[in-house]
Amino acid sequence: MKISVCIPIYNFDVRELVDDLKKEIKNQSIDAEIVLIDDASEENFRQINNELQNKVEQFVLLEKNIGRSRIRNLFLNYTKGDFLLFLDCDVKIDDKNFLANYLKEIDQNRGVEVLYGNFKIDPAHSETLRNRYSIEKEIFSVERSSDFALLKTVNFIIKRNVLEKFPFNEVLLNYGYEDFVFAKTLEFSKVKFSAIQNPVIHFDDASNEVFLNKTKTAIDSLCLLLQKSDNEKFIKDIKVYRVAKKIKNIKMKSTFLFLYSLLEKKIVMNLLSKNPNLKYLDLYKLGLLLRKMQ
């Protein structure tokens with residue numbers, strides 16, 4: 001089998017996503033399977049997605065949430081494909097040739113081991129803090145690239161034997177930096193990577209408040225990585241860590257945190273407003289990290 005489409009589910013209705021994938025598989029006679037793993041979603045979402053039980057090759061229901069990294073590694077136990085295509089559950093297919101585009105690239109780009117297809121933002125939510133961040137910091141505009149820094153786990157395909165050799169870091173149970181560390185691991189191992197324009201539409205309607213809470217979780221994940229010196233090679237290029245380390249090294253941590261405390265209320269108010277400033281988000285993350293750094 002050529003492709004296993006892997007969709008980790010958490011509190012989202014994936015029926016439309018699965019139906020669109022199945023249509024392309026059928027219409028273009030693509031050698032592919034669809035595997036779903038539900039990471040202990042709320043009961044109402046389990047009931048909504050339950051009708052997919054007989055429409056996919058595997059539908060695994062977990063009783064306990066195991067997190068973003070471990071669940072992706074778990075797909076190795078339930079799939080058969082030579083390539084594993086990972087899609088976040090909150091995406092929509094934007095091209096009827098979505099799977100075919102990946103297969104064409106695999107056939108033409110001989111030896112490629114990881115492909116990242118990019119994503120778009122649902123216009124209805126483009127002004128939120130979360131999606132402004134995606135538009136300015138995460139979505140790339142070039143036609144193709146070999147820059148591992150572009151890799152995000154929302155929409156990527158990887159050879160089975162590569163994921164078996166270089167799985168996600170399961171220390172990172174929660175949101176934040178699991179894709180960055182994964183990309184760095186692949187880059188250091190000289191895995192052949194390409195980023196191409198084969199995007200999905202990302203439907204993230206998280207409020208600014210929810211995204212700020214996720215940002216706190218991400219900084220906690222970064223601090224977890226900081227506890228082991230071996231992780232320095234993975235995180236040294238993360239901007240907020242680089243700046244925090246420099247401030248600490250020049251013994252300006254206390255001064256920065258004092259000045260930040262004077263502005264913190266204003267910064268948070270802006271980030272929760274209808275017109276958030278991403279420069280304030282950088283300061284917010286830096287303040288969170290410096291307060292936790294020893």
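This text goes through a predicted model, starting with its sheet and going on to a helix pair and some salt bridges.

The sheet is a good place to begin. It is open, holds 8 strands with mixed pairing, and has the strand order 3-2-1-4-9-6-10-8. Reading that order from end to end shows which strands lie side by side. At the edges stand strand 3 (58-62) and strand 8 (144-145). Each of these two has a single partner strand, so one of its sides has no neighbour in the sheet.

Helix 1 (residues 15-27) packs on this sheet, where it touches strand 1 (3-9), strand 2 (32-39) and strand 4. The direction of helix 1 makes about 165 degrees with the direction of strand 2.

Strand 9 sits between strand 4 and strand 6 in the order. With strand 4 (residues 83-87), strand 9 (residues 155-159) pairs in the antiparallel sense over 5 bridges. Two residue pairs let the reader trace this pairing: Leu-87 has Asn-155 as its bridge partner, and Leu-85 has Ile-157. On the other side, strand 6 (residues 114-116) also pairs with strand 9 in the antiparallel sense, over 3 bridges. There, Val-114 has Ile-158 as its bridge partner. Strand 9 is mostly covered, with 4 of its 5 residues buried. In a regular strand, side chains alternate between the two faces of the sheet.

Next comes a pair of helices. Two packed helices are described by the angle and the distance between their axes. For helix 5 (residues 129-138) and helix 12 (residues 278-292), the axes come within 11 Å and cross at roughly 100 degrees. An angle from 65 to 115 degrees counts as roughly perpendicular, so helix 5 is roughly perpendicular to helix 12. Helix 5 contributes Leu-129, Arg-132, Tyr-133, Glu-136 and Lys-137 to the contact, and these meet Leu-278, Leu-281, Asp-282 and Lys-285 of helix 12. Sorted by type, the residues of this contact are 4 nonpolar and 5 charged, with no polar ones.

Charged side chains also meet in salt bridges, of which the structure holds 21. One of them joins Asp-38 and Arg-46, with N and O 3.5 Å apart. Both partners are buried: Asp-38 has a relative accessible area of 0%, and Arg-46 has 14%.

A second salt bridge links Arg-144 to Glu-105, and their closest N and O atoms are 2.8 Å apart. Arg-144 belongs to strand 8 and Glu-105 to helix 4 (residues 98-108), so this pair ties together parts that are 39 residues apart in sequence. Arg-144 is partly exposed, at 48% relative accessibility, whereas Glu-105 is buried, at 8%.

A third salt bridge, between Glu-164 and Arg-160, has its closest N and O atoms 3.9 Å apart. Both residues lie in helix 6 (residues 160-165); because they are 4 residues apart there, about one helical turn separates them. Glu-164 counts as partly exposed, at 46% relative accessibility, while Arg-160 is buried, at 16%. Salt bridges can also share partners, and in this way Lys-184, Glu-187, Lys-236 and Asp-237 are joined into one network.

Definitions and conventions
Residues numbered from 1 in each chain as written. Predicted model: local features only at pLDDT ≥ 70, side-chain atom pairs only at ≥ 80, totals over all residues. Heavy atoms only, no water. Axes fitted to C-alpha atoms, helices over the stretch in contact; angles between N-to-C directions. Parallel < 35°, antiparallel > 145°, perpendicular 65-115°, else oblique. Contact = heavy atoms within 4.5 Å. Nonpolar A, V, L, I, M, F, W, Y, C, P; charged D, E, K, R; others polar. Pairing = 2+ DSSP bridges. Salt bridge = Lys/Arg side-chain N within 4 Å of Asp/Glu carboxyl O. Buried < 20%, exposed > 50% of the residue type's maximum accessible area, 1.4 Å probe, protein only.
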